[in-house]
Amino acid sequence: MLKAPVALILAAGLVACNQPAEQVSTPTYPQVNENNIKAHVTFLADDTLKGRDTGSEGYQVAANYVKSYFKQYGLTPMGEHDTFEQDVTFRKAFLEENGAGLTISTASGEHSLTFPEQFIAGGSALSTESSVDAETVFVGYGVVNKEFGLNDYEGLDVKGKVVVMLTGRPDELPSEEGAHIGSSREKARHAAEQGAVGIISVHTPKREKVRKFTVSAKYADGPRYSWLKKDGSPFGAYAEIKGGAYVSHEAAAPLFENAALSLEEVFTLDTENKAIKGFPLAAKVSLSNKSRHEEVTSPNIVAAIEGSDPVLKDEYVVFSAHLDHIGVREHSDHDDKINNGALDNASGVSILLETARMLSSMENKPKRSILFVVVTAEEKGLLGSSYFANNPTVPATKLVANVNLDMPLILYPFADVIAFGSTHSTLGPIVETAAKKIDISLSEDPMPEQALFTRSDHYSFVKAGVPSVFLMTGFQSKDPEIDGGKMFMEFLSTHYHNHSDEIDLPIRYDAAASFAEVNMMIGLEIANQAERPIWNDGDFFGKTFAQ
């Protein structure tokens with residue numbers, strides 16, 4: 001009962017002394033400069049860089065450009081040997097001309113398939129010449145996962161045999177979990193562990209509706225990249241697998257001759273999303289491969305802003321973006337064969353650079369340190385980020401979160417962001433809270449069928465146990481006259497991985513500035529929280545990969 005009068009007396013005393021009551025100050029943040037982002041995109045997407053292909057001179061010019069701005073902003077080099085660079089050595093495996101062979105032997109005779117019309121194969125990262133002759137076993141989709149009760153190898157003996165599997169995975173699996181379980185890397189791992197000596201993947205009518213076999217065949221002669229471990233061996237390759245091929249849905253029928261089910265019956269089950277069980281096949285196959293190898297080195301660029309908290313500064317919030325693009329495409333029918341990658345991913349790197357400028361200019365730095373990792377070879381299979389995640393230049397256990405920037409479509413004034421992966425960890429509420437501070441909402445994944453959570457560099461950090469999100473512009477537009485979702489899908493269908501992804505697109509640099517603000521706010525929210533982000537209880541990825 002006495003507290004209120006005392007408070008009133010104190011307040012009156014302050015007024016009488018002409019001294020204002022204490023006010024809660026609103027934090028101030030650095031001002032974003034959209035012209036900086038425009039200048040970065042213009043340089044990185046210029047023809048002189050020839051599409052920034054991994055290991056190319058153009059890529060190195062782009063890397064030097066990024067380094068120059070990190071130096072200008074006063075960031076600490078966090079690469080190798082006190083530099084900004086972390087060199088990654090890749091093996092490029094080229095399939096020799098007429099170097100791939102596939103013959104199917106059945107009771108009706110030998111069926112020699114033609115390359116690349118009926119089957120495709122890539123160069124081998126392990127050897128320059130290999131062959132395998134073996135019996136075959138159909139293993140459904142070739143997936144294994146205890147949590148979802150999947151084991152396509154159950155009851156099958158595949159030791160010393162070539163496994164035949166459908167592309168894809170069971171439809172009942174959740175999008176993101178299914179993308180991991182059904183990935184070619186996971187399928188190869190399980191085949192090797194089960195004792196198989198080769199893999200034949202069968203293109204399906206269902207897959208044909210998404211991506212035609214002829215489209216994949218068009219690029220069959222391109223090199224396959226692998227990063228090399230310290231002992232010189234290619235990461236992710238399985239020596240047990242001596243051969244492999246990807247066979248068209250029309251040419252695979254002989255494999256199922258005199259089998260428990262015909263290929264047509266198997267395709268019907270796949271199309272109708274019914275259970276598919278494996279069974280022995282009566283066919284034998286001969287696979288051969290002749291390859292040549294080249295090595296190329298291309299750097300990741302790594303820099304840091306030291307945190308202000310004496311304890312938390314030893315932990316790192318990671319911003320990542322890939323600097324590479326797909327270079328020059330000689331197969332293009334257009335006169336312009338340079339793929340500049342203005343939005344994929346010059347825009348992401350440019351927004352990362354502006355984020356670095358803003359955070360480095362703050363008088364009161366974030367409590368945790370901020371690590372900027374600009375990676376190479378994303379377009380070759382997330383390889384630069386995979387190398388960093390497996391060979392981090394800071395202690396792996398000190399990486400608390402990753403925010404990845406890949407292809408922000410800054411073509412319209414977006415009103416929301418999508419954070420792929422936000423449902424798997426406490427990063428979801430963090431992103432939502434940060435975005436709301438500048439009146440941007442967080443939306444759910446509008447394209448779950450695309451499984452984008454496994455298709456960019458954040459996924460390398462996920463597999464290292466680090467809670468991660470892949471940040472992208474949402475479909476909502478602040479301008480009711482603009483359909484953001486329509487513009488997004490039009491870009492994917494018309495400009496993605498095409499020469500037309502260049503700076504003459506109607507890029508909205510005001511939208512780019514908003515994206516940089518959101519990015520900065522998310523980084524600050526993570527960096528200044530007392531507790532580091534954690535995986536949600538029982539989350540599939542948390543249980544599979546948590547540190």
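Contact here means heavy atoms within 4.5 Å. The model is predicted: local features need pLDDT of at least 70, side-chain atom pairs count only at pLDDT 80 or more, and totals for chains, interfaces and linings use all residues. Residues are numbered from 1 along each chain as its sequence is written, and side-chain values use heavy atoms, with hydrogens and water left out.

**Exercise 1. Leu-359 and the nonpolar cores**

Task: State which residues Leu-359 is in contact with, leaving aside neighbours within four places in sequence, and place Leu-359 in a core.

Solution.
Step 1. With those neighbours left out, the contacts of Leu-359 are Ile-305, Phe-319, Lys-365, Pro-366, Ile-370, Phe-372, Met-520 and Leu-524.
Step 2. A nonpolar core is a set of buried Ala, Val, Leu, Ile, Met, Phe, Trp, Tyr and Cys residues joined through side-chain atoms within 4.5 Å. Buried means under 20% relative accessible area, exposed over 50%, and partly exposed in between (1.4 Å probe, protein chains only).
Step 3. The largest core has 79 residues, and Leu-359 is among those that touch the most other members, together with Phe-70, Leu-323, Phe-372, Leu-471 and Ile-526. Helix α14 (residues 509-528) gives the largest share of this core, 13 residues.
Step 4. Another core, of 44 residues, lies apart from it and includes Ile-200, Ala-252, Phe-267 and Val-285.
Step 5. As background, nonpolar side chains in soluble globular proteins tend to be buried together.

**Exercise 2. The surroundings of strand β14**

Task: Determine which residues cover each face of β14, and which strands pair with β14 and in what sense.

Solution.
Step 1. Helices (H or I, at least four residues) and strands (E, at least two) are DSSP runs, numbered from the N terminus. Two strands pair if DSSP finds at least two bridges between them.
Step 2. Strand β14 spans residues 369-375, and seven of its seven residues are buried, so the strand is largely enclosed by the rest of the structure.
Step 3. On one side the buried residues are Ser-369, Leu-371, Val-373 and Val-375; on the other they are Ile-370, Phe-372 and Val-374.
Step 4. β12 (residues 279-305) pairs with β14 in the antiparallel sense over five bridges, and Ile-305 stands opposite Ile-370.
Step 5. β13 (residues 316-322) pairs with β14 in the parallel sense over seven bridges, and Ala-321 stands opposite Val-374.

**Exercise 3. Helix α8 and the strands it packs on**

Task: Find which residues of α8 are buried and what they pack against.

Solution.
Step 1. In α8 (residues 263-271), the buried residues are Leu-263, Val-266, Phe-267 and Asp-270.
Step 2. Those residues cover an arc of only 100° around the axis, which puts them on the same side of α8; the arc is that of the directions from the helix axis to the C-beta atoms. An α-helix has 3.6 residues a turn, so residues three or four places apart point the same way.
Step 3. The buried residues of α8 pack against β5 (129-138), β8 (162-166), β9 (198-202), α6 (205-210) and β12.
Step 4. Among these elements, β5 and β12 pair in the antiparallel sense over nine bridges, with Glu-135 opposite Lys-284. β5 and β8 pair in the parallel sense over three bridges, and Phe-138 has Val-164 as its bridge partner in β8.
Step 5. After α8 comes Asn-273, whose phi is positive, near 60°.

**Exercise 4. Salt bridges and a polar contact**

Task: Count the salt bridges, then describe the pair Lys-67 and Glu-85 and the surroundings of Ser-291.

Solution.
Step 1. A salt bridge is a side-chain nitrogen of Lys or Arg within 4 Å of a carboxyl oxygen of Asp or Glu. This rule gives 16 salt bridges.
Step 2. Lys-67 and Glu-85 form one, with the closest N and O atoms 2.8 Å apart. Lys-67 lies in helix α3 (residues 57-72) and Glu-85 in strand β2 (residues 85-106), so the pair ties together parts that are 18 residues apart in sequence. Both residues, Lys-67 and Glu-85, are buried.
Step 3. Arg-292 and Glu-294 form another, with the closest N and O atoms 2.9 Å apart. Arg-292 is partly exposed at a relative accessible area of 35%, and Glu-294 is partly exposed at 35%.
Step 4. Ser-291 is in β12 and is buried at 4% relative accessibility. Residues that Ser-291 touches, beyond four places in sequence, include Phe-94, Glu-96 and Gly-123.
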